[in-house]
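User: I would like a close look at one part of this model, with its surroundings described afterwards. Please keep the account plain.

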Amino acid sequence: MESNQPLLEVEHLSTHFFTENGVVPSINDITFSIAPGEIVALVGESGSGKSVTSMSIMGLVESPGKIVNGRILFNNQDLTALSYRKYQKIRRNDISMVFQEPLTALNPVFSIGFHLVETIIVQQKVSKKKAKAIAFEWLEKVRIPNPKEVFASYPHELSGGMRQRVMIAMALSSHPRLLIADEPTTALDVTIQKQILDVMKTLSKELDTAILFITHDLGVVAEMVDRVMVMYGGEIVETSSVKQLFHTPKHPYSKGLLKSTPKIQQSDEKLDAIGGAVPSPANLPTGCKFHPRCPKAFDRCTSEHPSLINLNNENQVRCLLYES
Ligand code: SF4
C-alpha cells in the first residue's frame with residue numbers, strides 16, 4: 001500500500017569539518033525528503049557536498065567532520081540521535097550503500113562467495129546452507145551470467161562491472177528500504193554502465209527500495225531517476241522532476257551542467273563547459289556561491305545569499321533572479 005509518509009527526511013542538515021586551519025562548512029542547511037520506493041538523484045560536480053551528504057545520512061562522517069545542525073529522520077526515527085549500535089543495525093538491515101570503487105569494500109583475500117554468504121548470515125540470521133542458496137539467487141538477480149564461477153572467484157579476478165554487480169547483490173540482499181549509490185557507475189564504460197543502471201532500477205521497483213543516487217553525470221540521471229536535486233557549494237540550488245530539469249532548468253548552474261552534458265543525437269556538437277572551478281568549501285565566496293562562475297550574475301549576487309524559493313510543488317531554486 002502506498003504511504004504518504006516520507007521514508008527519509010533530511011532537515012536543515014549542516015556538516016562541518018573542524019580542521020587545524022579552521023572550520024570547513026562542507027554542507028549547509030540541506031533539506032529534502034525521499035518517498036518509499038522513489039529514485040532521487042543528488043547531482044553536482046565533485047566538491048559540491050554530495051558525498052558528505054550521503055556519509056552524513058549513513059552516520060559515517062569521520063573526525064574532524066561533525067553534523068553541527070539538523071535532523072535525519074528515517075521512518076520517523078532521528079538517526080542523529082541513535083547510539084552506534086542502533087545505527088549499525090539500521091545500516092545492516094534498512095539502509096545500504098554502493099560505492100564507486102567496489103575493490104575498497106571487498107577484502108582481496110576472501111572469495112566473492114565468502115563475502116556474500118557472510119553478509120547474508122549477519123543480515124538474515126540464516127544457516128550457511130540457506131545463505132549460500134540466497135547468494136546464488138542474488139547473483140542471478142543482478143544478471144551475472146556464470147554465478148558458480150563468480151561465487152568461487154576473488155575480487156581481483158572480476159571486471160569492474162562484475163564487481164559492481166556483486167556489490168549491488170550484497171547491498172540489496174537484506175531488502176533495504178533505502179539504497180545510497182555514490183557514483184556507482186562512474187568507473188565503468190558506457191555499455192556496462194547502462195546494464196548496471198538497468199539492474200538497479202529493476203530491482204528497486206521489485207523490492208520497493210528507494211534509491212538516493214549521487215552523481216556528477218546528468219546522463220545517468222536521465223536514465224535512472226524520478227526527481228533531481230542539484231548541489232553547489234554545499235547547498236541545494238535546484239530541486240526538480242527529471243523531466244522539468246531537462247526541459248526547463250531554472251538555476252544558471254543547472255543550465256550550465258546541461259549544456260556541458262553530451263546528447264545522443266548531437267554527438268558532434270561542441271559542449272560548453274562551465275567556466276571556472278567549484279569553490280573549495282574552505283573558501284566559499286560571499287553572497288551567491290555560484291556568482292564567480294555565473295553568466296547571469298549582477299551586483300547583488302556578490303553580497304546577498306539567495307534563499308531556496310518555491311516555484312511550485314516540485315520545483316525550488318536558489319537564485320536572486322527568481323525573487324518575487
Ligand atoms: Fe547567478 Fe546571481 Fe542567480 Fe547566483 S543569484 S545564480 S550569481 S544570477
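Which residue in strand 2 does Thr 15 stand opposite?

Analyst: In this predicted model, Thr 15 stands opposite Ile 27 in strand 2. A second bridge can be named for the two strands: Leu 13 has Ile 30 of strand 2 as its bridge partner. Strand 1 covers residues 8-19, and its pairing with strand 2 is antiparallel, with nine bridges. The connection between strand 1 and strand 2 is a hairpin of two residues.

Strand 1 also pairs with strand 4, which spans residues 65-74; this pairing is again antiparallel and has eight bridges. Here Glu 9 is found opposite Leu 73 of strand 4.

These pairings belong to an open sheet of four strands, ordered 2-1-4-5, with antiparallel pairing. Its edges are strand 2, residues 22-34, and strand 5, residues 77-78; each has a single partner strand, so one side of each has no neighbour in the sheet. In general, the strands of a sheet are paired by backbone hydrogen bonds, in a parallel or an antiparallel sense.

Turning from the sheet to the helices, helix 6 (residues 160-172) and helix 7 (residues 190-207) have axes that come within 10 Å and cross at roughly 10 degrees. Angles under 35 degrees count as roughly parallel, and helix 6 and helix 7 are therefore roughly parallel to each other. The crossing of helix 6 past helix 7 is right-handed. On the helix 6 side, the contact is made by Gly 161, Gln 164, Arg 165, Ile 168 and Leu 172. Helix 7 contributes Ile 192, Gln 195, Ile 196, Val 199, Met 200, Leu 203 and Leu 207. Sorted by class, the residues in this contact are eight nonpolar, three polar and one charged.

Aromatic rings give another kind of contact. Across the whole structure, a search finds five aromatic pairs. One of them joins Phe 136 and Phe 151, with ring centres 4.6 Å apart and 20 degrees between the planes, and is stacked. Phe 136 is in helix 4 (residues 128-141) and Phe 151 is in helix 5 (residues 147-152), so the pair ties together parts that lie 15 residues apart in sequence.

To return to the part asked about, Thr 15 has Ile 27 opposite in strand 2, and strand 1 pairs both with strand 2 and with strand 4.

Technical notes:
Residues are numbered from 1 along each chain as its sequence is written. This is a predicted model: local features need pLDDT of at least 70, side-chain atom pairs count only at pLDDT 80 or more; totals for chains, interfaces and linings use all residues. Side-chain values use heavy atoms; hydrogens and water are left out. Axes are lines fitted to C-alpha atoms, for helices over the stretch in contact, and angles run from 0 to 180 degrees between N-to-C directions. Angles under 35 degrees count as roughly parallel, over 145 as roughly antiparallel, 65 to 115 as roughly perpendicular and the rest as oblique. A crossing is left-handed if the near helix is turned anticlockwise from the far one by less than a right angle, and right-handed if clockwise. Contact means heavy atoms within 4.5 Å. Ala, Val, Leu, Ile, Met, Phe, Trp, Tyr, Cys and Pro count as nonpolar, Asp, Glu, Lys and Arg as charged, and the others, Gly among them, as polar. Two strands pair if DSSP finds at least two bridges between them. Rings of Phe, Tyr and Trp (its six-membered ring) pair if their centres lie within 6.5 Å; planes under 30 degrees apart count as stacked, over 60 as edge-to-face and the rest as tilted.
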